[in-house]
Amino acid sequence: MAKQPQPISPLKNFFAGGFGGVCLVFAGHPLDTIKVRLQTQPKPKPGESLLYAGTLDCFKKTLAKEGMRGLYKGMAAPIIGVTPMFAVCFFGFGLGKKLQQKSPEDVLTYPQLFAAGMLSGVFTTAIMAPGERIKCLLQIQAASGEVKYAGPMDCVKQLYRESGIRGIYKGTALTLMRDVPASGMYFMTYEWLKNSLTPAGKSPSELSVPSVLFAGGMAGIFNWAVAIPPDVLKSRFQTAPEGKYPNGFRDVLRELIREEGVTSLYKGFNAVMLRAFPANAACFLGFEVAMKALNWLAPNL
């Protein structure tokens with residue numbers, strides 16, 4: 001007989017999600033730096049080759065020029081931003097699940113899990129949009145060599161001075177387009193794989209570490225398969241000079257497809273997928289470990 005499932009606690013999800021977020025940043029930040037540099041590298045002049053030939057080349061050049069620290073550039077902002085963001089993300093998922101349960105024993109269907117995941121995407125965008133905008137601006141200034149912002153706080157101050165709260169929240173619609181369907185996919189895939197990997201008669205909470213790592217890593221890959229095209233548009237839009245795209249993402253999409261074809265929507269695909277597996281495997285493992293600890297420390301929370 002499988003153990004009685006622990007009632008869903010959005011609050012525990014909040015703390016365990018935060019810990020999962022820290023694990024994710026440590027595992028994934030180097031490849032995130034490479035992803036943004038590949039996505040925003042300047043178009044070569046006629047006769048010149050691209051600054052970075054690909055993921056590996058960008059990794060080698062960054063390492064040679066800036067050492068290990070170059071790969072972890074701009075990590076303070078995601079650690080400060082990601083911890084609450086993943087906390088809110090897992091809280092949103094927990095809340096989404098709880099709202100759809102009629103009683104604590106209710107087992108949710110996959111469409112219901114997808115809906116709960118989408119709710120978590122709405123929650124995170126409120127925190128995510130400004131954080132992403134600042135991260136992209138800081139990452140490309142490191143690559144382009146001109147220093148406009150001293151750091152994350154200075155970046156916020158300057159954006160606010162230039163164009164108020166709207167400047168800080170530039171790209172929110174694109175962040176929503178990226179995160180809402182992708183979060184639904186993320187959590188649904190994770191729960192589906194966890195259930196598929198659970199031996200008969202066992203509870204998914206007793207899964208082995210390799211199984212959790214596999215389910216988490218694959219959830220990350222499914223999440224990004226949905227998220228990359230809006231992510232490319234968002235990186236472009238958020239780092240563009242003021243007024244370059246008056247009609248928002250429609251202009252970015254038109255320009256990208258006209259200049260570089262549809263495949264450009266999957267720019268940085270290798271860097272994203274290489275990072276998605278280990279980073280999300282680390283995240284869900286961190287989440288499950290923290291959840292076990294919290295259930296043990298505060299069973300009735």
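Contact here means heavy atoms within 4.5 Å. You're looking at a predicted model, where local features need pLDDT of at least 70, side-chain atom pairs count only at pLDDT 80 or more, and totals for chains, interfaces and linings use all residues. Residues are numbered from 1 along each chain as its sequence is written, and side-chain values use heavy atoms, with hydrogens and water left out.

**Confidence.** pLDDT is the predictor's confidence in each residue, from 0 to 100. Its mean over the chain is 88, and 98% of residues reach 70 or more. Among the elements, helix α6 (residues 172-197) has the highest mean, 93, and helix α4 (residues 110-144) the lowest, 87. Helices are DSSP runs (H or I, at least four residues) and strands are E runs of at least two, numbered from the N terminus.

**A bent helix.** Helix α1 (residues 10-40) covers 37 Å between its end C-alpha atoms, where a straight helix of 31 residues would span 45 Å at 1.5 Å a residue. That expected span is 1.5 Å times one less than the number of residues. There's a bend of about 55 degrees in α1 at G28, with the proline P30 following within four residues. The bend is the angle between axes fitted to the seven residues ending at a position and the seven starting there.

**Two buried polar residues.** Buried means under 20% relative accessible area, exposed over 50%, and partly exposed in between (1.4 Å probe, protein chains only). Here are N280 and T189, with contacts that leave aside neighbours within four places in sequence.

| Residue | Helix | Relative accessible area | Contacts |
|---|---|---|---|
| N280 | α9 (residues 269-297) | 5% | L24, Y186, G216, G217, G220 |
| T189 | α6 | 3% | M218, A219, F222 |

**The cores.** A nonpolar core is a set of buried Ala, Val, Leu, Ile, Met, Phe, Trp, Tyr and Cys residues joined through side-chain atoms within 4.5 Å. The largest one has 29 residues, and L24, F86, F90, Y186, F187 and F284 touch the most other members. At least two residues come from each of α1, α3 (76-100), α4, α6, α7 (209-239) and α9. The top contributor is α9, with seven residues. Sequence neighbours within four places aside, F187 is in contact with C89, F90, F93, G117, S120 and F284. A separate core of 16 residues includes A182, W224, A227 and F237.

**From the record.** An unreviewed UniProt entry places "transmembrane region" at residues 70-93 and 113-131. In the model, residues 70-93 are 83% helix and 0% strand, while residues 113-131 are 100% helix and 0% strand.

Notes
UniProt positions renumbered as here; feature names shortened; annotations may be inferred.
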